[in-house]
Amino acid sequence: MTEKLIFEKSRPGRWAHAQAPAAAAAGNIPAQFLRQDRPLLPEVSELQVVRHYTRLSQLNFSIDTNFYPLGSCTMKYNPRACNALAMLPGLLNRHPLGPVSHGQGFLACMYELQEMLKAVTGMRAVSLTPMAGAQGELAGVAMIRAYHVARGDHERNEIIVPDAAHGTNPATATMCGCVVRELSTGADGDVDIEALRHAVGPKTAGIMLTNPSTLGVFERRIIEIRKIVNEAGGLLYYDGANLNAILGKVRPGDMEFDVIHMNLHKTFSTPHGGGGPGSGAVGVGKRLQPFLPIPVVGRSDVDGSYHWLTEKDLPQSIGRLSGFMGNAGVLLRAYVYMRMVGRDGMRRIGEFATLNANYLQARLRAAGFEPAFPERRASHEFIITLKTMARTLHVTAMDVAKALLDEGLHAPTTYFPLLVPECLLIEPTETETREALDRFADAMIAIAERAKSDPASVQGAPYKLPVRRLDDVKAARNLDLAYRPESRGEL
Amino acid sequence: MSELPGELLYTEEHEWLRQEEDGTVTIGITDHAQSALGDLVYVELPEVGAELDAGDEMAVVESVKAASDVYAPVGGTVLEVNTDLADDPEKINTDPYGDGWIVRMRPIDMANSNTMDPNAYQELLDSLED
């Protein structure tokens with residue numbers, strides 16, 4: 001079964017009221033700016049549009065329809081209340097260039113969001129301005145650089161990154177003009193402390209750590225790591241990818257990190273995935289406070305009114321990262337979410353995210369699956385390695401992932417982190433019931449049985465989806481996203 | 001079981017190196033490396049004439065799973081790069097020790113290369129299997 005593109009459903013002259021542009025809108029545009037040819041748009045009826053996109057949405061896997069244990073992505077449920085409240089007309093219709101006096105309600109929400117993030121992370125100050133996790137990282141390392149440069153310490157340009165880190169960490173360091181020094185991981189999943197001692201020196205600008213790491217374990221020697229890096233003159237960067245695991249339990253500020261980025265879209269539950277709008281808010285300790293990206297929301301001591309803090313208030317700021325302050329809609333959803341769960345709820349998030357991961361790990365382990373770090377307790381996510389299955393049965397992690405799709409389960413993260421061969425990184429999140437976890441474990445066990453009795457049937461999965469195995473190589477190398485009428489014959 | 005030609009030298013980072021009769025060396029990645037990476041989609045090559053130290057990043061190989069650096073096993077000057085890989089990176093998958101070669105270099109100091117003989121590399125591979 002092949003889904004037709006909406007262009008292929010097009011018939012000349014067919015149109016829909018809902019999608020038709022108002023002809024009058026073009027009336028005042030000077031002739032030289034008007035295009036000569038009509039744009040290539042599908043000509044379809046309103047019902048065709050509704051059916052087409054509704055069908056596509058049904059073919060998709062989403063947290064609203066399927067268990068979605070994609071490791072390090074925290075695909076938890078996004079409460080409907082967050083959407084509803086963030087879309088109140090007063091918030092939706094606020095113009096970003098409107099006077100501050102007209103947006104006090106919005107600014108109050110943002111100020112309180114900054115305060116709540118400070119409280120939950122233990123950091124001294126927060127800027128909401130980074131538009132996504134990667135931009136939060138960029139802001140964080142840029143602040144570390146600015147700190148050293150402001151002290152006349154121009155030679156510090158090395159950022160230490162564990163080999164288990166997200167690929168964005170070394171990319172960020174490189175984008176900030178730093179040199180990356182990779183750090184190896186010990187057999188127990190912790191950073192190799194001896195390797196760290198050798199890596200630090202007079203050129204060390206800082207270290208980027210994810211804790212719990214992408215290996216799904218808590219970095220137990222964090223205090224020792226901080227000491228080694230600080231004594232060498234470097235700062236500590238906390239990658240908030242896995243903040244969900246420690247929410248309400250451990251605060252990066254208490255571990256004395258100098259800077260943290262938080263993926264509000266992960267931890268504080270706003271819709272994400274597919275490269276949509278995100279939020280990479282950054283929190284800083286004392287040393288980096290002067291360098292925060294602007295704008296930040298301030299509150300007047302005199303009358304309690306809210307205003308933007310700009311270059312005048314933070315002259316050493318690394319500057320602006322976008323025209324306005326972050327993605328307002330995402331920030332509002334995070335605000336509503338945090339207000340809804342409250343301080344106690346925050347702790348339960350961390351507890352249940354961890355409990356769910358450990359329950360699932362225990363069930364899979366009991367069924368014969370091999371955890372990557374068997375002696376370690378999982379954080380909010382864990383890794384199993386299918387290297388034995390791959391070697392003896394020639395059924396790989398990718399085959400198992402595809403077979404899960406047939407069961408109506410989104411696959412876990414595959415082949416990441418790169419350190420563990422044939423791995424699945426599984427993050428169930430706190431919003432799943434025990435029944436949902438059991439269903440996933442049962443499906444995994446059934447697939448493993450089938451891999452033994454009939455390996456070809458797993459190697460050939462999926463069978464029940466609109467498409468089977470796609471040509472990943474062709475997709476990566478011959479990316480073709482534009483519809484052209486002349487290509488119709490090839491489809 | 002991955003293939004391991006006996007006349008080559010190998011590195012911990014899963015590169016191979018062949019010493020040619022004219023004193024140059026040809027470098028690629030091993031059968032084990034290509035198999036672990038999966039189908040390659042892109043190879044980033046160094047410039048001809050580039051001077052590299054042993055351990056420098058020499059090339060990048062990108063597969064559907066991951067992007068991975070290829071390190072220079074020995075210092076020297078890049079004489080030739082396998083430009084066929086731009087269009088056919090899968091040559092590394094199909095023929096890692098032949099058409100899938102990556103770089104030809106004039107080495108500075110072969111005595112101090114980061115290489116090992118096939119037996120030592122086989123032991124390394126065996127230890128990874130555990």
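**Questions on chains A and B**

User: Between which two strands of chain B is the loop with H14(B) found?

Analyst: The model is predicted: local features need pLDDT of at least 70, side-chain atom pairs count only at pLDDT 80 or more, and totals for chains, interfaces and linings use all residues. Residues are numbered from 1 along each chain as its sequence is written, with chains lettered from A and ligands numbered from 1 in the order in which they are written. Helices (H or I, at least four residues) and strands (E, at least two) are DSSP runs numbered from the N terminus. H14(B) is found in the loop between strand 1 (9-10) and strand 2 (15-19) of chain B.

User: Why does H14(B) count as buried or exposed?

Analyst: H14(B) is not a glycine, yet its phi is positive, about 70°. Count C-beta atoms, placed from the backbone, within 10 Å of its own: 20 or more others means buried, 12 or fewer exposed, and in between partly exposed. H14(B) has 24 C-beta neighbours inside 10 Å, so it counts as buried.

User: S72(A) also has an entry for phi; what is the angle?

Analyst: S72(A) sits in the loop between helix 1 (46-59) and helix 2 (80-86) of chain A. It is buried because 22 other C-beta atoms lie within 10 Å. S72(A) is not a glycine, but its phi is positive, at about 65°.

User: Is S453(A) buried or exposed?

Analyst: S453(A) lies in helix 13 (residues 434-453) of chain A. From R434(A) it is 19 residues away in sequence and 29 Å away in space, C-alpha to C-alpha. Only its neighbour count decides the class: because S453(A) has 8 C-beta neighbours inside 10 Å, it counts as exposed.

User: What radius of gyration does chain B have?

Analyst: Chain B has four helices and nine strands. Its C-alpha trace spans about 35 × 35 × 25 Å along the principal axes. The radius of gyration is taken over C-alpha atoms, and the globule rule is 2.2 Å times the number of residues to the power 0.38. For 130 residues a compact globule would be near 14 Å, so the rule agrees with the value for chain B, 14 Å.

User: What share of the contacts in chain B, between residues at least 6 apart, joins residues at least 24 apart in sequence?

Analyst: Two residues are in contact if their C-beta atoms, placed from the backbone, lie within 7 Å. Of the 130 residues of chain B, 39% count as buried. Among contacts between residues at least 6 apart in sequence, the share joining residues at least 24 apart is 64%.

User: Which residue stands opposite G76(B)?

Analyst: Two strands pair if DSSP finds at least two bridges between them. Strand 8 of chain B and strand 9 (residues 103-107) of chain B pair antiparallel over five bridges. Strand 5 (residues 51-52) of chain B also joins strand 8 (residues 76-81) of chain B, antiparallel, through two bridges. In strand 9 of chain B, the residue opposite G76(B) is P107(B).

User: How many residues does domain 3 of chain A give to the contact with domain 2 of chain A?

Analyst: An automatic or database domain assignment sets the bounds. Chain A is divided into domain 1 (6-59), domain 2 (82-339) and domain 3 (344-474). The centres of domain 2 and domain 3 of chain A, over C-alpha atoms, are 30 Å apart. Domain 2 of chain A gives 19 residues to the contact, and domain 3 of chain A gives 19.

User: Which helix gives the most to the largest nonpolar core?

Analyst: A nonpolar core is a set of buried Ala, Val, Leu, Ile, Met, Phe, Trp, Tyr and Cys residues joined through C-beta atoms within 7 Å. The largest has 121 residues, of which M143(A), Y237(A), V259(A) and L331(A) touch the most other members. With 14 residues, the top contributor is helix 10 (residues 328-366) of chain A.

User: Which strands of chain A are the edges of the open sheet?

Analyst: The open sheet has four strands in the order 10-11-13-12 (chain A), with antiparallel pairing. Strand 11 (residues 382-385) and strand 13 (residues 423-426) of chain A are joined by four bridges, with I383(A) opposite L425(A). The edges, each pairing on one side only, are strand 10 (370-371) and strand 12 (413-414) of chain A.

User: What is omega for the cis peptide bond between A461(A) and P462(A)?

Analyst: P462(A) is in the loop between helix 14 (455-459) and helix 15 (472-477) of chain A. The bond from N211(A) to P212(A) is cis too, with omega near 0°. For A461(A) and P462(A), omega is about 5°.
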